Amino acid sequence: DVPVAESELVQLNGLAESFTEHKDMLNMAEKLLDKGKHHMKRDLEQKVEDYNTSITDIRSNSKSELPYGSDKSVDDAFIRINKYRETIANLKVEEASLIKGLTIFGTPLPENKELTSLNKDIDFLTQIWEITSEWAANWDSWKTGQFADLDVETLENVAGNYVKRVGKLGRDIKKWNVWSSMKGELDKFKD
């Protein structure tokens, strides 16, 4: 037999009590962790709600601020479009942050239809205003050029390409004044 030191016997006798204290401490830590998770999830849900409200407000403002009409200059139109592109980029950064947090809880961030719609509008506006800008540049060069230097066939081909591009966009943006105005300019040129 090996003699056991008195200090070790005291530790052995206190082992059951230490184990109970340890279990109690683990249970308390688990409760604190659950409470923290609950608060964190609630805060995250509030941030998602705020994010969606922000998108709704931005989309609402975009309907009056974006250049859907032809009453803006090309430069002003692109300034407005780029402002919204920046806003969307900032929203995407915020969205990425929210997705990280939601992933912890196994919750996906549903697609925001208003943000998707705004993105589509920005893309279509960019296209129609690029066409408007290109057409204006061509028209200005033709107006100020020498009449003898104009090649009617080339002019018709260039105009035909613009008519195709505008016609294709018309499937989606026919109700926008900027589209109607551009189509009217092309129709006037063809006549």
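Here are a few notes on how helices H4 and H5 meet, and on the aromatic rings around Trp-135.

1. Keep in mind that this is a predicted model. Residue numbers below follow the chain as its sequence is written, starting from 1.

2. Start with the helix pair. H4 covers residues 113-144 and H5 covers residues 152-173; their axes come within 11 Å and cross at roughly 160 degrees. That crossing angle makes H4 roughly antiparallel to H5, since anything over 145 degrees counts that way. As for handedness, H4 passes H5 in a left-handed crossing.

3. Who does the touching? On the H4 side, the contact residues include Phe-124, Ile-128, Ile-131, Trp-135 and Trp-142. H5 brings, among others, Leu-155, Val-158, Tyr-162, Val-166 and Leu-169. Sorted by class, the contact of H4 with H5 has 12 nonpolar, 2 polar and 3 charged residues.

4. Now the rings. The structure holds 7 aromatic pairs. In one of them, Trp-135 and Trp-142 have ring centres 5.5 Å apart and planes at 80 degrees, so the pair is edge-to-face. Both of these Trp residues are buried.

5. Trp-135 also pairs with Phe-189: the ring centres are 5.2 Å apart and the planes sit at 85 degrees, so this is edge-to-face too. The pair links distant parts of the chain, with Trp-135 in H4 and Phe-189 in H6 (residues 177-190), 54 residues apart.

6. Is each partner buried or partly exposed? Trp-135 counts as buried, at 2% relative accessibility, whereas Phe-189 counts as partly exposed, at 24%.

7. Finally, ring pairs link Trp-135, Trp-139, Trp-142, Tyr-162 and Phe-189 into a cluster.

Note on methods
This is a predicted model: local features need pLDDT of at least 70, side-chain atom pairs count only at pLDDT 80 or more; totals for chains, interfaces and linings use all residues. Side-chain values use heavy atoms; hydrogens and water are left out. Axes are lines fitted to C-alpha atoms, for helices over the stretch in contact, and angles run from 0 to 180 degrees between N-to-C directions. Helices (H or I, at least four residues) and strands (E, at least two) are DSSP runs, numbered from the N terminus. Angles under 35 degrees count as roughly parallel, over 145 as roughly antiparallel, 65 to 115 as roughly perpendicular and the rest as oblique. A crossing is left-handed if the near helix is turned anticlockwise from the far one by less than a right angle, and right-handed if clockwise. Contact means heavy atoms within 4.5 Å. Ala, Val, Leu, Ile, Met, Phe, Trp, Tyr, Cys and Pro count as nonpolar, Asp, Glu, Lys and Arg as charged, and the others, Gly among them, as polar. Rings of Phe, Tyr and Trp (its six-membered ring) pair if their centres lie within 6.5 Å; planes under 30 degrees apart count as stacked, over 60 as edge-to-face and the rest as tilted. Buried means under 20% relative accessible area, exposed over 50%, partly exposed in between (1.4 Å probe, protein chains only).
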